[in-house]
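Work through the exercises below with the sequence and the structure at hand. Each task is followed by a solution in steps.

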Amino acid sequence: MAAYCQVTQTGPQFGHSVSHAQNKTKRRFNPNIQKKTYFVPSMKRNVTLSLSARGIKVIDVRGIEAVVAEILARGEKI
C-alpha cells in the first residue's frame, strides 16, 4: 500500500541524504501514515481511513462528517 493520506492527499516526497562530506544519495520522505477507524453517523457504519498525523488533526477540527463528505465528493472510495 502506498504512503498516501486520504484527507490531505499527501504522498511521499523525494530528496537527498547529505553526508558530512556532502555526498548526495537519493532518498524518500514518507508521510506518517496511520490506519484509523471512525464511526460516521450519517452512514451508520465504521469507516477505516489511511491518514497522516496532520489528517487526524484535520478530522479533529472539522469533524468526520465534513471530511467524509469531501472525500466522497472527490470520487474516492471509502
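The exercises concern a predicted model, and they go from the whole chain to single residues and then to the helices.

**Exercise 1. Describe the order of helices and strands in the protein chain.**

Solution. Begin with the count: the protein chain has two helices and four strands. Then read along the sequence, which gives the pattern β-β-β-β-α-α.

**Exercise 2. Compare the radius of gyration of the protein chain with that of a compact globule of 78 residues.**

Solution. Step one is the reference value: a compact globule of 78 residues would come out near 12 Å. Step two is the value for the protein chain, 16 Å. Step three looks at the extent of the C-alpha trace, which is about 55 × 20 × 15 Å along the principal axes. As for burial, 27% of the 78 residues count as buried.

**Exercise 3. State what the surface of the protein chain exposes and how its charged side chains are placed.**

Solution. The exposed area is about 5500 Å², and carbon and sulfur atoms supply 53% of it. Next, count the charges: there are 13 positive and 4 negative side chains. The centres of these two sets lie 11 Å apart.

**Exercise 4. Decide whether Gln6 is buried or exposed, and list what Gln6 touches.**

Solution. First locate the residue: Gln6 sits in the segment before strand S1. The cut-off for buried is under 20% relative accessible area. Gln6 has a relative accessible area of 12%, so Gln6 is buried. Leaving out residues up to four places away in sequence, the residues that Gln6 touches are Thr48, Leu49, Ser50, Ile71, Arg74, Glu76 and Lys77. Finally, take a residue far along the chain: Val67 is 61 residues from Gln6, and their C-alpha atoms are separated by 9.7 Å.

**Exercise 5. Do the same for Ala2 and Ala21: is each buried or exposed?**

Solution. The cut-off for exposed is over 50%. Ala2, in the segment before S1, has a relative accessible area of 54% and is therefore exposed. Ala21 belongs to the loop between S1 and strand S2 (24-29); with 57% relative accessibility, Ala21 is exposed. For distances, Ala2 and Asp60 are 58 residues apart in sequence and 24 Å apart in space, C-alpha to C-alpha. Ala21 and Ile64 are 43 residues apart in sequence, with 48 Å between their C-alpha atoms.

**Exercise 6. Find the buried residues of helix H1 and say where they lie on the helix.**

Solution. List them first: Gly55, Ile56, Val58 and Ile59 are buried in H1. Viewed down the axis of H1, these buried residues fall within an arc of 155 degrees, so they line one face of the helix. The face turned away from the buried side carries the exposed residues Arg54, Lys57, Asp60 and Val61. The packing partners of the buried residues of H1 are S3, S4 and H2. Just after H1 comes Gly63, with a positive phi of about 100 degrees.

**Exercise 7. Repeat the analysis for helix H2 (residues 64-73).**

Solution. The buried residues of H2 are Ile64, Val67, Val68 and Ile71. Down the axis of H2 they fall within an arc of 95 degrees, so they line one face of the helix. They pack against strand S3 (33-40), strand S4 (45-52) and helix H1 (53-62). H2 is followed by Gly75, which has a positive phi near 90 degrees.

Technical notes: Residues numbered from 1 in each chain as written. Predicted model: local features only at pLDDT ≥ 70, side-chain atom pairs only at ≥ 80, totals over all residues. Heavy atoms only, no water. Buried < 20%, exposed > 50% of the residue type's maximum accessible area, 1.4 Å probe, protein only. Arc of directions from axis to C-beta. Contact = heavy atoms within 4.5 Å. Rg over C-alpha atoms; globule rule 2.2 N^0.38 Å. Areas by Shrake-Rupley, 256 points an atom, 1.4 Å probe, with all protein chains shown as cover. Lys, Arg positive; Asp, Glu negative; His and termini not counted. Charge placed at Lys NZ, Arg CZ, Asp CG, Glu CD.
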